[in-house]
Amino acid sequence: MRSIKIGTRNSPLAMWQAREVARNLQNLNYTTDIVPVLATGDKNLNQPLYKLGITGIFTKDLDIALLNNEIDIAVHSLKDIPTELPENIEIIAVLERDYPQDVLVRKKDAQNLELHDLKIATSSLRRRAFWCKEFPDTQFSDIRGNVQTRLNKLEENDFDATMFSLAAIERMGLDVHYEHLPIMISAPAQGVVAICGRSDNAEMKQVFSDINHKPTQICVEIERNFLNTLEGGCTAPIGAFAEINDRNEVRFIGRLCSLDGKNCIETDEIFEWNEHENFGKVLAQKVLANGGRELMDQIKSEI
């Protein structure tokens with residue numbers, strides 16, 4: 001087989017992800033070429049994503065390259081992939097999830113402040129809302145950019161701390177002090193590297209059938225179906241995390257919050273998984289029936 005062209009964003013973290021996929025392919029004796037693509041979401045760092053009004057802002061440029069046969073696969077952080085994919089594109093594999101958690105990073109002169117006194121920089125609606133659930137009087141600032149850019153902004157600007165996906169810090173091997181945040185629930189599919197391919201490319205789908213991590217796939221499908229059923233095409237503060245054990249038992253925790261964090265609906269369930277039932281949809285429908293539908297209408301009117 002010719003060398004497999006791996007498309008990726010050109011940020012340091014995205015390049016790490018692409019190299020990790022390449023390593024998995026090379027272990028199966030395939031040769032690879034990494035093709036960096038500048039994503040729309042990396043071009044405008046001045047506005048929070050929810051204000052840009054573009055679905056798949058980090059994926060659409062790679063989607064185009066994929067559909068134009070410029071690359072064979074596209075590698076993404078799965079939490080960046082919309083739940084509705086373009087025609088003839090599908091997720092053909094996921095790598096094993098490593099670090100799903102959110103963590104807090106403070107600037108040096110804010111190390112001794114209490115959590116409720118911190119001025120927080122984040123452009124994530126989910127992180128803002130979940131933080132406000134516990135600390136409603138928090139002052140927020142927007143912050144965008146890759147990990148290194150945000151770390152620099154943290155030291156240079158008038159806020160005390162920001163939040164990262166732990167995967168971003170650990171994968172880059174950064175010497176950064178961080179705090180775990182039990183108050184947060186991860187974004188759906190956070191901490192998972194996904195490989196997208198063309199639906200009509202049977203060869204690539206066969207290649208990645210040996211790389212796909214089935215337990216991770218099961219969990220992220222539940223999380224993404226939960227998100228898709230709740231969202232209805234609207235960005236909202238939604239957290240979802242599923243874990244599966246070797247007895248096919250899944251524990252799922254999910255949360256839908258108002259933008260100000262004052263109204264939150266949560267679910268925490270354990271069930272036995274089977275391949276026939278859409279558990280994410282069922283769990284989301286319970287949330288919608290428990291006040292979630294009205295809450296989603298409120299969120300849509302406010303964004």
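**Figure 1. Overview of the chain.** The chain has 9 helices and 13 strands, shown here as a predicted model. Its radius of gyration is 19 Å, close to the 19 Å that the globule rule gives for 303 residues, so the chain is as compact as a globular protein of that length. Along its principal axes, the C-alpha trace spans about 60 × 45 × 35 Å. Of the 303 residues, 51% are buried. Among contacts with a separation of 6 or more, 68% are between residues 24 or more positions apart.

**Figure 2. Surface and charges of the chain.** About 14400 Å² of the chain is exposed, and 43% of this area comes from carbon and sulfur atoms. The chain carries 34 positive and 46 negative charges. The mean positions of these two sets of charges are 3 Å apart.

**Figure 3. Helix α3 and the strands around it.** Helix α3 covers residues 60–67, and its buried residues are D61, L62, D63, A65 and L66. These buried residues pack against five strands: β1 (4–9), β2 (32–37), β3 (73–77), β4 (89–94) and β10 (193–198). After α3 comes N69, which has a positive phi, near 60°.

**Figure 4. The largest nonpolar core.** In soluble globular proteins, nonpolar side chains tend to be buried together. The largest nonpolar core in this model has 24 residues. The members that touch the most others are I222, F226, L230, I238, F252, L256 and F271. At least two residues of this core come from each of α8 (214–231), β11 (238–244), β12 (249–257), β13 (264–272) and α9 (279–302). Helix α9 gives the largest share, 8 residues. Another core, of 17 residues, lies apart from this one and includes I4, V21, I195 and F208.

**Figure 5. Contacts of I222.** I222 is one of the core residues that touch the most other members. When neighbours within four places in sequence are left aside, its contacts are V250, F252, F271, W273, F279, G280 and L283. F252 and F271, which appear among these contacts, are also listed with I222 among the members of the largest core that touch the most others.

**Figure 6. M163 in strand β8.** Strand β8 runs over residues 161–165 and contains M163. M163 has a relative accessible area of 1%; buried means under 20%, so M163 is buried. Leaving aside neighbours within four places in sequence, M163 is in contact with V103, L104, I120, A121, T122, R127, W131, R150, L181 and M184. I211 lies 48 residues from M163 along the chain, and the C-alpha atoms of the two are separated by 31 Å.

Technical notes:
Residues are numbered from 1 along each chain as its sequence is written. This is a predicted model: local features need pLDDT of at least 70, side-chain atom pairs count only at pLDDT 80 or more; totals for chains, interfaces and linings use all residues. Side-chain values use heavy atoms; hydrogens and water are left out. Helices (H or I, at least four residues) and strands (E, at least two) are DSSP runs, numbered from the N terminus. The radius of gyration is taken over C-alpha atoms; the globule rule is 2.2 Å times the number of residues to the power 0.38. Buried means under 20% relative accessible area, exposed over 50%, partly exposed in between (1.4 Å probe, protein chains only). Contact means heavy atoms within 4.5 Å. Accessible areas come from the Shrake-Rupley method with a 1.4 Å probe; for residues, only the protein chains shown count as cover. Lys and Arg count as positive and Asp and Glu as negative; His and the chain ends are not counted. The place of a charge is taken as NZ of Lys, CZ of Arg, CG of Asp or CD of Glu. A nonpolar core is a set of buried Ala, Val, Leu, Ile, Met, Phe, Trp, Tyr and Cys residues joined through side-chain atoms within 4.5 Å.
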